[in-house]
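User: I'd like a close look at one part of this model, with the technical words explained as we go. Please keep it relaxed, since I'm new to this.
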Amino acid sequence: MKEEEKEEVYKEFNELVNMSPGEIEDWLEKEESKEVGQDSGDGESIGRKSAKKIVKIKRTKKAELSSSDYEHMQKVNGYIKRHKAQRPEGDVKNTPWRYSLMNWGHDPLK
């Protein structure tokens with residue numbers, strides 16, 4: 001990935017991931033977080049595994065991010081954008097749609 005691509009991915013990631021590492025960690029403790037998402041094969045959803053990587057990335061200095069961090073950030077950006085486009089009608093506060101997005105570090109109610 002070229003430097004300008006990394007810069008764009010980084011910028012977009014920080015705009016889309018609107019939950020802090022602490023907020024994500026608190027969210028992962030809740031049952032609602034565990035009830036949504038596609039199983040990764042070991043009983044934990046892909047989104048919850050992603051959330052743990054997001055926390056690590058958010059706590060890493062930009063200069064220390066690896067190419068795999070940037071690849072994951074790109075994946076997160078794509079997921080959030082696609083999922084946001086599928087917003088259901090009405091109040092989304094207690095919906096699997098919102099909970100799934102929160103597993104990827106984005107709270108649509110913020």
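Which are W27 and Y99, buried or exposed?

Analyst: Both W27 and Y99 are buried. "Buried" means under 20% relative accessible area, "exposed" means over 50%, and "partly exposed" is in between, using a 1.4 Å probe and protein chains only. Before going further, some ground rules: this is a predicted model, where local features need pLDDT of at least 70, side-chain atom pairs count only at pLDDT 80 or more, and totals for chains, interfaces and linings use all residues. Residues are numbered from 1 along each chain as its sequence is written, and side-chain values use heavy atoms, with hydrogens and water left out.

Let's start with the rings. Rings of Phe, Tyr and Trp (its six-membered ring) pair if their centres lie within 6.5 Å; planes under 30 degrees apart count as stacked, over 60 as edge-to-face and the rest as tilted. That rule gives two aromatic pairs here. The W27 and Y99 rings have centres 5.3 Å apart and planes at 40°, so this pair is tilted. W27 sits in helix α2 and Y99 in helix α6, so the pair links distant parts of the chain, 72 residues apart. (Helices, H or I of at least four residues, and strands, E of at least two, are DSSP runs numbered from the N terminus.)

The other pair is Y79 with W104, and this one is stacked: 4.3 Å centre to centre, with 15° between the planes. Here Y79 in helix α5 meets W104 in the segment after α6, 25 residues away along the chain. Y79 has a relative accessible area of 16%, so it is buried, and W104 counts as buried too, at 5%. Also just after α6, G105 takes a positive phi of about 85°.

Now for α6 itself. Seven of its eight residues are buried, so the helix is largely enclosed by the rest of the structure. They are W97, R98, Y99, S100, L101, M102 and N103. What covers them includes α2, α3 (31-34), α4 and α5.

You can see this cover residue by residue through contacts, which means heavy atoms within 4.5 Å. Take H83 in helix α5: it is buried, because its relative accessibility is 13%. Not counting residues up to four places away in sequence, H83 touches W97, S100 and L101. P108, in the segment after α6, is buried at 18%. With the same sequence neighbours left out, P108 touches R87, W97, R98 and L101. The C-alpha atoms of P108 and W97 are 9.5 Å apart, though eleven residues separate them along the chain.

On the α4 side, look at R48, which counts as buried at 9% relative accessibility. Beyond its neighbours within four places in sequence, R48 is in contact with L28, S33, K34 and N103. Its side chain also makes polar contacts, meaning pairs of N or O atoms within 3.5 Å; within protein, one atom must be able to donate a hydrogen and the other to accept it, and residues adjacent in sequence count only if both atoms are side-chain atoms. One reaches the backbone oxygen of L28 at 2.9 Å, and another joins the side chains of R48 and S33 at 2.7 Å.

R48 also forms a salt bridge with E44, with the closest N and O atoms 3.6 Å apart. (A salt bridge is a side-chain nitrogen of Lys or Arg within 4 Å of a carboxyl oxygen of Asp or Glu.) Bridges that share partners join E44, R48 and K52 into one network. Another salt bridge, between E23 and K110, has its closest N and O atoms 2.9 Å apart. E23 is in helix α2 and K110 in the segment after α6, so this pair ties together parts 87 residues apart in sequence. E23 is partly exposed at 34%, while K110 is exposed at 53%.

Finally, α6 feeds into the largest nonpolar core, a set of 25 residues. Such a core is made of buried Ala, Val, Leu, Ile, Met, Phe, Trp, Tyr and Cys residues joined through side-chain atoms within 4.5 Å. The elements giving it two or more residues are α1 (3-16), α2 (21-28), α4 (46-58), α5 (67-84) and α6 (96-103). The most come from α5, with five residues. In soluble globular proteins, nonpolar side chains tend to be buried together.
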